[in-house]
Amino acid sequence: MTKALDYIMERADEIRANAAENEKLMRVADPSADVLRKSGIMRLLQPKTHGGDEAHPREFAETVMATAALDGATGWLGGIVGVHPWELAVADPKVQEEIWGEDPDVWMASPYAPMGVAVPTDGGYILNGRWSFSSGTDHCRWLFIGAMVGDKDGKPLMPPQMMHVLVPWGDYEIDHESWDVVGLRGTGSKDVVVKNAFIPTHRTLDAPKVMSGEAAKEMGLTQTLYNMPYWNVFPLGITAAVIGIAEGAMHAHVEAQKNRVAITGQPIKEDPYVLYAISEAAAEIQASRTALIETTCRFYDKVDAGKEVTFEERAIGRRTQIRAAHRAVRAVDEIMDRSGGGALHLRHPLQRFWRDAHAGVVHAVHVPGQIYHASAFTQLGGEPQGRMASQI
């Protein structure tokens, strides 16, 4: 195991015990955030020049899975916030120093969806907008968010020009009343609001260049980690969290079934249908883990060898990643169906994992439509363009 994973497992009981409190607060409680910070999970993908590990992305994914298997919300933060240092590595060194110069443990929240408009001005942009689903934002001191470049009237330019911009605490507000959901409640994925904030040019990134890998090359980064395909690394923590949640659900289910007796008096361990459901679901969840890790390792090895990961390979990789998430969540449904009425009680951990799994699989990186379309189209000899080729 890695140092971060070792630390997470040493504090496993504490992370698991804080799950209910996270839900109550509708954000990860301070003790759980402290465990994450001390584990080093957020620095796994961070550059060594700023106190990071530059770890293999497999290690990052495995640590996120282990954390999410203890508590979905805590694991989700590890997967979402933990990937931001990977992108900051390709940003202007000046903003890297602003964020990590005094404290390499500073966290950045997102989201990257371009929900705001940045209007050019002398030396930078004036940013306005409201962004939803900013996971872990209560524990972060910067935002890493998406924006569209706008005209002088604040309307997005056409064709669209998308940027990622960094905004320090003090230049944005958190809407603490905006997060009230059925799953992943403990993530505190609240709305954030920016009003007329000045964004210096060095705090901006050209989003298409980041996604194509051109930004890493322009920065002269030669590490394999930072030349991995964006659409392999960016969704990795999110899908790893969902698979980890499914593993946590399986653990909770098995523990509850060991001594459970049906209303007929039959011990559940003698019910062939429950036994079948456990094995079927366990195999599906394991398949999801294996598929996600195998794709990441294969891409890493190819980049490390100086070879290109082709569009077709990336498209199939995204299909595999999406399917892994959906397969794991369907497996959770199977065991939930066989858990009995007791699993519905809010004191039972399985219902939380079940709700968290369904919340995680509706994240935008798990929408299969255009990805499935593009991967099949490519295998049939087509050349996806425009929207079909995006997010690959």
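This passage walks through the buried parts, the backbone oddities and the charged pairs of a predicted model.

A good place to start is the greasy interior. The largest nonpolar core takes in 110 residues. Within this core, the residues with the most contacts are Leu-88, Ile-99, Leu-127 and Leu-166. Helix H12 gives the most to the core, with 11 residues. Apart from this core lies another one, made of six residues, and Ile-322, Ile-371, Met-388 and Ile-392 are among them.

Ile-99 gives a feel for what goes on inside the big core. Setting aside residues up to four places away in sequence, Ile-99 touches Leu-88, Val-106, Met-108, Trp-142 and Leu-166. Two of these partners, Leu-88 and Leu-166, are also on the list of residues with the most contacts inside the core.

Helix H6, which runs over residues 72-81, is a nice case of a covered helix: 10 of its 10 residues are buried. That goes for the glycines Gly-72, Gly-75, Gly-78 and Gly-79, and also for Ala-73, Thr-74, Trp-76, Leu-77, Ile-80 and Val-81. As a bit of background, an α-helix has 3.6 residues a turn, so residues three or four places apart point the same way. In H6, the buried residues include Trp-76 and Ile-80 as well as Thr-74 and Leu-77.

Polar residues turn up in covered spots too. Gln-257 belongs to helix H12, which spans residues 236-257. Its relative accessible area is 5%, so Gln-257 is buried, the cut-off being under 20%. Leaving out residues up to four places away in sequence, Gln-257 touches Ile-268, Val-274, Arg-338 and Ser-339. Asn-232 tells a similar story from helix H11, residues 230-233. With 10% relative accessibility, Asn-232 counts as buried. Beyond its neighbours within four places in sequence, Asn-232 is in contact with Thr-295, Thr-296 and Phe-299.

What about the cysteines? Cys-140 has 6% relative accessibility and therefore counts as buried. Cys-297 counts as buried as well, at 18% relative accessibility. As for disulfides, a search of the whole structure comes up with zero.

Next come a few quirks of the backbone. Most residues other than glycine have a negative phi, and most peptide bonds are trans. Against that background, Glu-54 stands out: its phi is positive, about 50°, although Glu-54 is not a glycine. Glu-54 sits in the loop between helix H4 (30-39) and helix H5 (57-68). Asn-196 also has a positive phi of about 50° without being a glycine, but Asn-196 is found in a strand, S7, which covers residues 190-200. With a relative accessible area of 57%, Asn-196 is exposed. The peptide bond between Met-158 and Pro-159 is another oddity, as it is cis, with omega about 0°. Pro-159 lies in the loop that runs between strand S4 (142-149) and strand S5 (162-168).

Last up are the charged pairs. Side chains of opposite charge can pair when their charged atoms come close. How many salt bridges does the whole structure hold? The search finds 22 salt bridges. In one of them, the side chains of Asp-105 and Arg-43 meet at 2.5 Å, N to O. Asp-105 lies in the loop between helix H8 (93-100) and strand S1 (108-109), while Arg-43 lies in the loop between H4 and H5, so this pair ties together parts that are 62 residues apart in sequence.

Another pair bridges two helices. Glu-284 and Arg-327 meet through their side chains in a salt bridge of 3.9 Å, N to O. This pair links distant parts of the chain, with Glu-284 in helix H13 (residues 272-304) and Arg-327 in helix H14 (residues 311-337), 43 residues apart. Glu-284 counts as partly exposed, at 30% relative accessibility.

Glu-59 and Arg-58 form a salt bridge too, with their closest N and O atoms 4.0 Å apart. Glu-59 is partly exposed at 23% relative accessibility, and Arg-58 is partly exposed with a relative accessible area of 27%. Finally, Glu-23, Arg-352 and Arg-355 are linked in a network of salt bridges.

Notes
Residues are numbered from 1 along each chain as its sequence is written. This is a predicted model: local features need pLDDT of at least 70, side-chain atom pairs count only at pLDDT 80 or more; totals for chains, interfaces and linings use all residues. Side-chain values use heavy atoms; hydrogens and water are left out. A disulfide is a pair of cysteine sulfur atoms within 2.5 Å. Buried means under 20% relative accessible area, exposed over 50%, partly exposed in between (1.4 Å probe, protein chains only). Helices (H or I, at least four residues) and strands (E, at least two) are DSSP runs, numbered from the N terminus. Contact means heavy atoms within 4.5 Å. A nonpolar core is a set of buried Ala, Val, Leu, Ile, Met, Phe, Trp, Tyr and Cys residues joined through side-chain atoms within 4.5 Å.
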